[in-house]
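Subject: Structure handover

Hello,

I am passing on the structure below, with notes on what was found in it. Please read the notes with the structure open.

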Amino acid sequence: MTNRADTLTPTRVARGTVLAAATLTIMAAAIIAPSLPAMREVFSGTPGAGLLVRLALTVTSLAIAISAPLSGIVADRVGRRPLLLSGLVLYAVTGTAGFFVNDLYLLLVTRAGLGLAVGAIMTAVSTLITDWFSGPDRASFLGLQQAFASLGGVVFLPLAGLLATVNWQAPFWIYSASAIVAVFAIVSLREPHRSSPAATEVQRTRLPGRIIGVYVLALVATLVFYMAPTQLPFLLEGFGSGPAVIGAVVAGSTLTSVAGALAFPRLRKRLSPTAITTLSVALLGLGWLLVGTAGTVVQVVAGLLVGGLGVGFVVPNLNLRLAEFAQPAHRGRVLSGLVTGIFLGQFLSPLVVQPLVQTIGIAGTFTWTGIAMGAGAALAALVSNRNNRKETR
């Protein structure tokens, strides 16, 4: 038999601290999205400024993707709490550093440092939650984790848009919120004892294939979803929208992610994990189709709301699947792979999408991406239905 980690009931302050840390993760890189058009003008003298400015947003995601496996090892060997604390401190330092930097290449370095911090925070938060809870409670709290991660976008992106109207560098001060969370983490966080790795070397057949499948799905879904902060500022600029409007509109994609994540525990009781994934992909595809065919900003917002709902379902669903697959002593490493998949998708998004944008434009790219996601969801539903019929027979 496999020993389970000893449970430690977290206090309300501890739970609140972990959820507050979650707000700093998913949309961390996108906080500077409203500043992208201004950054392009400021650094216009730098060769390749158009692409480098977009990379200032996504190099953070690359750093997260590369460093997350190391964070997973640290979480398992050293502990979740030390990893979270170091991540929160690094987040505050490297995030606010962008305010003082006037060189585009140096800015990219600070953004990479921010990525190391986010990878540590996200891995520590996910592993702490799966250590603390099991069964329906785990599904419920993972839903809350995604809701708060999305809520970070709802709060921080419009604020970043307002600050960007004053100065393109002002949004970097938002990262200082991490210092406050770090203080609460020092005071309140404790972590349960975990079983030794030797006790968890059983029942590992067939799991790697399933786990890799979850990672790939996370990468693709995030690659598509991250078209919102990387491409929409330039699409909305064509509608005459300023930084404040851009920040508010991009935040719309995270607003319904909150609702979807909060609804996830109930949805999980009614639908299978495969059905939830299929629904999520279908909603994301429909949302992007609406954005691509939009004639007004209101229609763009409608598409973002639909697509965001799908993301709100898929992330906690994938987190829960991995938590079910992983043994306690390896949980940090397994869950860190999901972090890698998510943020590698963020980094690759502008690089993969750029050839399409140059060929058919931003609107056309959203349209055809939406069609492709819808077709993928339909195919997944068909395959799942056939498998269910075979099992019934």
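Is the crossing of α10 and α12 left-handed or right-handed? It is right-handed. Before the rest, please note that this is a predicted model.

Helix pairs

Helix α10 covers residues 243-270 and helix α12 covers residues 297-325; their axes lie 6 Å apart and the packing angle is about 40°. An angle counts as roughly parallel under 35 degrees and as roughly perpendicular from 65 to 115, and α10 and α12 are therefore oblique to each other. Sorted by class, the residues in the contact of α10 with α12 are 17 nonpolar, eight polar and two charged.

The second pair is α3 and α5. Helix α3 runs over residues 49-77 and helix α5 over residues 104-132, and their axes come within 6 Å, crossing at roughly 40°. The two helices, α3 and α5, are therefore oblique to each other. Their crossing, that of α3 and α5, is right-handed. The contact of α3 with α5 is made up, by class, of 18 nonpolar, eight polar and one charged residues.

Helix α3 also meets helix α9, which spans residues 227-237; here the axes come within 10 Å and cross at roughly 150°. Angles over 145 degrees count as roughly antiparallel, and α3 and α9 are therefore roughly antiparallel to each other. The crossing of α3 and α9 is right-handed. On the α3 side the residues that meet α9 are R54, L57 and T58, and on the α9 side they are P229, T230, Q231 and F234. By class, this contact of α3 with α9 has three nonpolar, three polar and one charged residues.

Residues along α3

Three residues of α3 were looked at one by one. A49 is found in this helix, α3. Its relative accessibility is 7%, so A49 counts as buried. With neighbours within four places in sequence left aside, A49 is in contact with F43 and S44. A49 and M39 are ten residues apart in sequence, and their C-alpha atoms are 8.8 Å apart.

A68 lies in α3 as well. It has a relative accessible area of 0%, and A68 is therefore buried. Outside the four places on either side in sequence, the contacts of A68 are T123, S336, V339 and T340. A68 and E41 are 27 residues apart along the chain, with 33 Å between their C-alpha atoms.

S71 is another residue of helix α3. At 6% relative accessibility, S71 is under the 20% limit and so counts as buried. Not counting residues up to four places away in sequence, S71 touches L83, G119, A120 and T123. T123 thus appears in the contacts of S71 and in those of A68.

Helices α1 and α6

Helix α1 consists of residues 12-22, and its buried residues are A14, T17, V18, L19, A21 and A22. What covers these buried residues of α1 includes α4 (80-97), α5, α6 (135-166) and α7 (177-188). T17, found in α1, has a relative accessible area of 5% and is therefore buried. Leaving aside neighbours within four places in sequence, T17 is in contact with V181, F184, A185 and S188.

In helix α6 lies L151. At 32% relative accessibility, L151 counts as partly exposed, because buried means under 20% and exposed means over 50%. L151 and D103 are 48 residues apart along the chain, and their C-alpha atoms are separated by 31 Å.

The nonpolar core

In soluble globular proteins, nonpolar side chains tend to be buried together. Here the largest nonpolar core has 112 residues, and those that touch the most other members are M39, L84, L88, Y91, L232, W288 and L322. Helix α5 gives the most to this core, with 14 residues.

Which residues is W288 in contact with, leaving aside its neighbours within four places in sequence? They are V224, F225, M227, A228, G303, L304, G307, F366, T367, T369 and G370.

Regards

Conventions:
Residues are numbered from 1 along each chain as its sequence is written. This is a predicted model: local features need pLDDT of at least 70, side-chain atom pairs count only at pLDDT 80 or more; totals for chains, interfaces and linings use all residues. Side-chain values use heavy atoms; hydrogens and water are left out. Axes are lines fitted to C-alpha atoms, for helices over the stretch in contact, and angles run from 0 to 180 degrees between N-to-C directions. Helices (H or I, at least four residues) and strands (E, at least two) are DSSP runs, numbered from the N terminus. A crossing is left-handed if the near helix is turned anticlockwise from the far one by less than a right angle, and right-handed if clockwise. Ala, Val, Leu, Ile, Met, Phe, Trp, Tyr, Cys and Pro count as nonpolar, Asp, Glu, Lys and Arg as charged, and the others, Gly among them, as polar. Buried means under 20% relative accessible area, exposed over 50%, partly exposed in between (1.4 Å probe, protein chains only). Contact means heavy atoms within 4.5 Å. A nonpolar core is a set of buried Ala, Val, Leu, Ile, Met, Phe, Trp, Tyr and Cys residues joined through side-chain atoms within 4.5 Å.
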